[in-house]
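Visitor: I am new to this structure and would like a close look at one part, the packing of its helices. Please start there, and then lead me on to whatever else is worth seeing.

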Amino acid sequence: MNGAESLVHSLLRSGVEVCFSNPGTSEMHFVAALDRIPGMRCILGLQENVVTGCADGYWRMVGRPAVTLLHCGPGLANGLANLHNARRARSGIVNCVGDQATYHRPLDAPLTADTEGFARGVSHWVRTAALARDVGRDAATAVQAARTSPGQIATLILPSDTCWDEGGEVAEGLPVPATPQAEHHAVAASARVLRENSNVLLLLGGTMALTEGAQRLAHRVAAATGARILAMTSNARFARGQGRLAMARVPYPADIAIADLAKVEHIVLVGATPPVGFFAYPGKPSRHYPEHATITVLTRPEQDAEAGLRALAEELSAPQADLPDPGPRPEAGRGAPTPEGLGATLATLMPEQAIVVDESVSFGRGFFPATYAAAPHDWLQITGGAIGCGLPLATGAAIGGGGRRVINLQADGSAMYTVQALWTQARERLPVTTVLLSNRKYQILLGEYASVGANPGRTAMDMMDLGNPDIGWVGLAQSLGVEAAQATTLEGCADLMAQSFARPTPFLIELVI
Ligand SMILES: Cc1ncc(C[n+]2csc(CCOP(=O)(O)OP(=O)(O)O)c2C)c(N)n1
């Protein structure tokens, strides 16, 4: 058995079943091993940032890591932005990066790079395999690292001779470390803050704090104490719709967030971090909560948020409390597309257990209230601000979603970073409906420009306008194998959505906004 075969066997024994890949010469023995050994679903992405974004979406739905197969330092580097987003989502991923053979590296051939250096900035765990004999054990250790709560990025670099040399040894899967629990003193301290004060904010963040169960417990705590509940601005996975709490997020725009949090005197963090601005602005505070507000941590992101909230509810002797009724589903929107209208259309048509992938950037800020009464669904957001994650995230979520409908609300500028993901959706025949929000601009940046009091001149405009030439989204999607059509009204969009939801294959709606 060579090292590559021991790698595949060990990954399988550790529970890894999906490989998102973009291979090169140094990974050919890994590819050959995947060909010989059954059990791993292998999915080709046509650029590495598609591959890594898919692995993020897969983890968010499955809670087990996929493996990525990347080519040398430059291949890994192409995938870094979505590994950054995945790290912010606290997703678990095992990257396997092929590299120059150990004895070839000193010759400084063209693809020789600081692969470990590239890996380190986005990885919790990095190792370069030294010998074929060690590769199986290294793979099992990487999976264990990736599965360590709340989820970590593990990067295993494989010089090609460690894959082709004989002497590979299969490793058994290693135990997954238990999710740490909230400390008793943290529960007691949080209870004291909630009991003794008004103007307390219970801030929920991270997948574990936004499950239906955690939301019900948070509501029970809030109903007993008068605390306010908010979610963080960006969340990896958020259970929403009927049967879940109609919960707002900390607003994105600095001024609105600062005004919204102005009365907060105490913040209890549940898997969340204190609310700070995405960016600093001259003369504005970086922290969006009042300076005098106290911060109490109920659970850190790696701790079991639901169990922590249960302990808190018990400590407070909080009675059971039914969730407020979000009311009926709204009527579908009509006429020219608006964020609220599209949100209402989505809420009307969304099938049960849909997965919404939201990289809607500036257009999407009004979607949340409009979808409180939609059928139960999961909402996945861009978490690290590195645009170009939506299409890959939707692709990976569909692979991990077991047939659930994926609805990708996708801004056009961001879509162009990783548009190749549409081809993977077509090849894998995935149930993904992309609603492509076509404003032909970097609208958010135009807004930022206006807020510094400037009017864009020709040079500035040319850096924020995507027209000239216009991107033909319908033709582009079709050329990548995805059926597509254009809509200019909400009625037209609703018709196309309904048609798409009835079919198991991908579809792109270019919604002109
Ligand atoms: C990797 C990366 N590159 C560049 C940016 C800067 N940036 C933020 S938003 C944006 C434009 C987004 O345009 P689009 O996706 O069309 O959304 P819109 O602003 O029109 O809503 C850019 C270039 C970024 N956030 N991440």
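Guide: A helix here is a DSSP run of H or I with at least four residues, a strand is a run of E with at least two, and both are numbered from the N terminus. The model is predicted, with local features requiring a pLDDT of at least 70 and side-chain atom pairs a pLDDT of 80 or more, while totals for chains, interfaces and linings use all residues. Residues are numbered from 1 along each chain as its sequence is written, and side-chain values use heavy atoms, without hydrogens or water.

Let us begin with helix α1, residues 3–13, which packs against α7 at an angle of about 25°, the two axes lying 8 Å apart (axes are lines fitted to C-alpha atoms over the stretch in contact, and angles run from 0 to 180 degrees between N-to-C directions). That angle makes α1 roughly parallel to α7 (under 35 degrees is roughly parallel, over 145 roughly antiparallel, 65 to 115 roughly perpendicular, and the rest oblique). The crossing of α1 and α7 is right-handed, which applies when the near helix is turned clockwise from the far one by less than a right angle, whereas an anticlockwise turn is left-handed.

Beyond α7, which spans residues 132–146, a loop leads to β6 (153–159) and holds P150, whose peptide bond from S149 is cis, with omega near 5°. A cis bond also joins N468 to P469, with omega about 5°, and P469 sits in the loop between α19 (458–462) and α20 (473–479).

A second helix pair is formed by α3, residues 48–62, and α5, which pack at about 20° with their axes 7 Å apart. That makes α3 roughly parallel to α5, and α3 passes α5 in a left-handed crossing. In the loop between α5 (80–89) and β4 (93–99) lies R90, a residue other than glycine whose phi is positive, near 60°. Most residues other than glycine have a negative phi, and most peptide bonds are trans.

In a third pair, α13 (residues 339–349) and α21 (residues 490–501) pack at about 30°, with 10 Å between their axes. These two helices are therefore roughly parallel to each other, and α13 passes α21 in a right-handed crossing.

Turning to the ligand, 17 residues surround it, of which S362, D412, G413, S414 and I444 come nearest (a residue is near if one of its heavy atoms lies within 4 Å). By type, these shell residues are eight nonpolar, seven polar and two charged. A polar side-chain atom of S362 lies 2.5 Å from a ligand oxygen atom, a polar side-chain atom of S414 lies 2.6 Å from a ligand oxygen atom, and a polar backbone atom of Q443 is 3.0 Å from an oxygen atom of the ligand. Taken alone, the ligand exposes 590 Å², of which the protein buries 78%, the areas coming from the Shrake-Rupley method with a 1.4 Å probe. The elements giving two or more residues to this shell are α16 (412–415) and α18 (443–451).

Methods
A polar contact is a pair of N or O atoms within 3.5 Å; within protein, one must be able to donate a hydrogen and the other to accept it, and residues adjacent in sequence count only if both atoms are side-chain atoms. Ala, Val, Leu, Ile, Met, Phe, Trp, Tyr, Cys and Pro count as nonpolar, Asp, Glu, Lys and Arg as charged, and the others, Gly among them, as polar.
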